[in-house]
Structures are given as C-alpha cells and as structure tokens.
Amino acid sequence: MKKVLLDETDLPDRWYNILPDLPAPPAPYLHPGTMQPLGPADLAPIFPQAIIAQEVSQDRWIEIPDQVREIYKIWRPTPLYRAERLERALETPARIYFKYEGVSPAGSHKPNTAVPQAYYNAQEGVKRLTTETGAGQWGSALALAGSFFDLEVTVYMVRVSYEQKPYRRALMETWGATVFASPTDRTNSGRAILARDFRFLGSLGIAISEAVEDAAIRDDSKYFLGSVVNHVLLHQTVIGQEAKKQMEMVGAYPDVVIGCVGGGSNYAGLAYPFMADRLSGARPDTRFIAAEPAACPTLTRGVYAYDFGDTAGVGPVAMMYTLGHNFVPDPIHAGGLRYHGDAPSLCLLVQQGLVEPRAYTQNQCFAEAVRFARVEGFLPAPEPSHALKAVAEEAAAAREAGDERVILFGLCGHGHFDMSAYDAYFAGKLEDVELSQQRIDTAVEELPKVPA
Ligand SMILES: Cc1ncc(COP(=O)(O)O)c(C=O)c1O
C-alpha cells in the first residue's frame, strides 16, 4: 500500500499527555523574577485557564473539544505514506514510512495546536493574540486559527525570516494577521536590542520576549506559544495516535521513530504515542532519534540546566538542554529550528537516554530533501530535511546490518515558501556552520542562578 488513509471517524477524540508516564517527574517551571516554582496564577496574565490546566495536568488523556475536532477535519486525519521509491534510491532493505503534515492549510503541523489554543482563548473572551514566528509556519498557523475564531492576531516575525520569506508574511496577512519584523521599536525588549544593534537580524528568543510583553500589557490580549511547552506537545499527539493506527493497518510497528526538533512539538507529537509503549514496557526496543541543526545543537551540545525560555527573561524558566537564552544561532534556512532550548519533557527523555539526538549541517540536509523530492514528489520544508538526513543514516545502517528495520519519520511541513533556500542550496551558497565550543561556553555563562 502506498498511502494509508484514515476515515474522519478515526480522528482521535483525546490528546495523549506523557507527563504521568515520564521516567522521572519533570522539574517545575520557575518564576523569572523570584526563581521559585511557578504556580498556575503566575501564568494567568499570559495563558487562558483551560491551557494552564493542560500545562500542568497529570491526566494521561485529555478530551479534544468537538469544535476543535470539526476544524481538524478540514485536513485530518493526515496520510501516512510508504516511501518505497526512497527505499530504492537509498538502496536499503529498511521499510520507510512517513506521516505527512504538509496537507494542513498552513502547510505544517502547527495548526494542530493553533486551533485548540485559539478555541480556548475565544471561549474565555480573549479578543487579540500575539505570538512570535521563526520560519513563518507558526505565525501562519495562528493567523489561520485566528480567522476561524474571529480573533485579532499580531505576529512578531524574526527579521531574517521576514526578509527571506516575504510570501509567508503575505499568507499571514491574507488570513488577517498583522506582522512585524522583530526586533521592533514597539516593545521594551525590542528597543533594548535595537539600541545595541539596529541592523540585528533577530532570533526566536527576542521575538518571544516581544510577543509576551505585548500580551502582558494589554487586557484584551494573550500570548500564544507554538512549541516547547507541555500543552503544545499535547495537542500535537494527534499525529502519533493516527500514525499508530495507520501502521497497524499495514501490520507494522516502527523500530525507529525519527523527527526534526526545533522546540520539540512535531517530534513529540509523532513520537510520544509510541514512546508510551516503550515506557510501559510493551515495546522496549523502539528507538527514537531527534534531528537538529549543527548551527543550533541544543540537544547534542547544550547544557542541561534551568534557563529562560526567551531572551529578555520575561517568560517562565524551564529545565532543559539549552545553549543559553542569549545565544543567537546563525541564520540557517531552517528558521523553525533556531531556538536555544527545547521542550522540557523531550529534554528529560534525552537525558534519560530514551531519545538519541543527532545534529546535521544544512547542505547535507538539503541534499536529502532534494533526493526525497525527486523520488517521492513532496518538497520538504528545510526543518524536516534534518529528519531525512537521519533517515538516510538509518537506511544505510540497515543496509550494512542486512536488516529490514521499519523506519517512521515525520514530514512535518512542505517547503513551498522556502524556495529561496533551495535556490541558495543549488547555487552553492549555503554555509555549513559548526559551532565552536567557545561560543557555546560564552552563551551558557549567563544562565540564571537558581537557588538550590
Ligand atoms: C515546518 C516546521 N518544522 C519544525 C519546526 C520546529 O518546531 P517543533 O520542533 O516544535 O516542531 C517548525 C517551527 O517553526 C516548522 O515550521
């Protein structure tokens, strides 16, 4: 079977929450001012109550509201494909499957959480949403979700992406959002950065600071996060739940689950429902590989410590692998992977040896993306090209070992708005950045001091 399709009635009716199943209790978030554990009340200025409850919930399953499922049905369930042509191109005995999230209107997995977040905010009377966006995928998803629930959306887009991807901005505007190139002079955080360097190309950390600040000073506004935090990962688990059913339909179970990691949401969404089987002992041998950019090697080379989620230190402090909240990655084209930290639950799984992180430079990833496009047709976004590089490595390992391992990976978005990146790749203009240890050491010097 080439593609495995589910019926609308197979759409999951609950999200899977991994928190109660983690091998160790997750470290609590800390308040950025006091460095003491954060209570739900501290989150109230930025998130609606329903989201705060999900963020700290210990319930394994959380019901998906009917109105959210109705909107999910526009593009869900998404297809699962067998990549036989890629298997042949890679000359591997491995069986490769991929779950394709590029069929959503915004072109990636991001609407899976944008829609429920917009829903809960609308329910609680919020009128205006603010957020940051790197590659523009998250901003597009939120603009889309805002248009479904009649909410005003303001997006702070990292300047380098704003310049690289003008059509992502136009897409957000089509769905009614207002988009600013961050850093801006609209916020204290932005002005402080511009005062130091007015040509600064921006980073996700700074764009987050601007969006949080904007939401915190207006009563009608709330801030939206597209990755990293528990509730976002939770919403994305529709991906893995569907994939599990689809793999069952072809009588297979993955030996290895691969995805790219920026903040961890698409990968967690695909992997956690399978990770549940590993943690329960039902499938103790499944391996998990998280692929990240060598220019922003959070999981492979970061330190495991408490750090601010944003550059200005206005949002919650989380225990995670981090390159330091002041770290500004080089402007690689996988804009969505340029984040200094990662989801705390995923970091915990890496720290416990349950997820293996790997880092790749961009030319080797684009080479795999082009190979994939030429044999399977779909054009990957630069972010999942990192997953494709890991797939190629696993396929080669399967060839050497002579085994037919089953590989499942997440193709979390299409690259139709990333053609300038492909152009740069074909012109040989992409730089491969290997981060110096000195740069990492300097960046992590400013980690917040946490009382023992
Ligand atoms: C297509 C795509 N993939 C991956 C990511 C990385 O985010 P996450 O690790 O949360 O999936 C982004 C983020 O913007 C993205 O746009």
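**View 1. Asn266 and its surroundings.** Asn266 lies in helix α12, which spans residues 265-280. The model shown here, as in every view, is predicted. Asn266 is buried, because its relative accessible area is 7% and the cut-off for buried is under 20%. Its side chain reaches the backbone oxygen of Cys260, at 3.1 Å. Look also for the residues that Asn266 contacts beyond its neighbours within four places in sequence. These are His109, Ile239, Cys260 and Cys412. Cys260 thus appears twice in this view, as a contact of Asn266 and as the owner of the backbone oxygen.

**View 2. Tyr72 in helix α3.** Helix α3 covers residues 66-72, and Tyr72 is part of that helix. Is Tyr72 buried or exposed? With 0% relative accessibility, Tyr72 counts as buried. Residues up to four places away in sequence are not counted in the list of its contacts. That list holds Leu11, Trp15, Ile64, Pro111, Asn112, Pro116, His235 and Val238. Two of these names return as polar partners. The side chain of Trp15 makes a polar contact with the side chain of Tyr72, at 3.3 Å. The backbone oxygen of Asn112 lies 2.5 Å from a polar atom of the Tyr72 side chain. For a sense of scale, find Gln352. It is 280 residues from Tyr72 along the chain, and the two C-alpha atoms are separated by 34 Å.

**View 3. The rings of Tyr16 and Trp61.** The ring centres of Tyr16 and Trp61 are 5.4 Å apart. Their planes meet at 50 degrees, so this pair is tilted. Tyr16 sits in strand β2 (residues 14-16) and Trp61 in strand β3 (residues 61-63). The two residues are 45 residues apart, so the pair links distant parts of the chain. Tyr16 counts as buried, at 3% relative accessibility. Trp61 is partly exposed, with a relative accessible area of 35%. The structure has 17 aromatic pairs by the rule used here.

**View 4. The open sheet.** Here 7 strands form an open sheet with mixed pairing. Trace the order: β1-β4-β5-β15-β10-β11-β14. Which strands stand at the edges? They are β1 (3-4) and β14 (356-360). Each has a single partner strand, so one side of each is left without a neighbour in the sheet. Now move to β4 (residues 80-82) and β5 (residues 95-100). These strands run antiparallel, and 3 bridges join them. One residue pair to pick out is Tyr81 with its bridge partner in β5, Phe98.

**View 5. Two helices on the sheet.** Helix α11 (residues 230-249) lies across β1, β4, β5 and β15 (406-411). This helix runs at about 140 degrees to β5. Helix α15 (residues 362-376) packs on the sheet as well. It touches β4, β5, β14 and β15. The direction of α15 makes about 95 degrees with that of β14.

**View 6. An aromatic cluster.** Which residues form one aromatic cluster? They are Tyr81, Phe98, Tyr100, Phe372, Phe378 and Phe409. Tyr81 and Phe98 have been met before, as bridge partners.

**View 7. Arginines over rings.** Two arginine-tyrosine pairs are shown. Arg169 lies over the face of Tyr162, at 5.7 Å from the ring centre. The charged end of Arg283 sits over the ring of Tyr253, and the distance to its centre is 4.0 Å.

Terms used
Residues are numbered from 1 along each chain as its sequence is written. This is a predicted model: local features need pLDDT of at least 70, side-chain atom pairs count only at pLDDT 80 or more; totals for chains, interfaces and linings use all residues. Side-chain values use heavy atoms; hydrogens and water are left out. Two strands pair if DSSP finds at least two bridges between them. Helices (H or I, at least four residues) and strands (E, at least two) are DSSP runs, numbered from the N terminus. Contact means heavy atoms within 4.5 Å. Axes are lines fitted to C-alpha atoms, for helices over the stretch in contact, and angles run from 0 to 180 degrees between N-to-C directions. Rings of Phe, Tyr and Trp (its six-membered ring) pair if their centres lie within 6.5 Å; planes under 30 degrees apart count as stacked, over 60 as edge-to-face and the rest as tilted. Buried means under 20% relative accessible area, exposed over 50%, partly exposed in between (1.4 Å probe, protein chains only). A charge sits over a ring if NZ of Lys or CZ of Arg is within 6 Å of the ring centre and within 35 degrees of the ring normal. A polar contact is a pair of N or O atoms within 3.5 Å; within protein, one must be able to donate a hydrogen and the other to accept it, and residues adjacent in sequence count only if both atoms are side-chain atoms.
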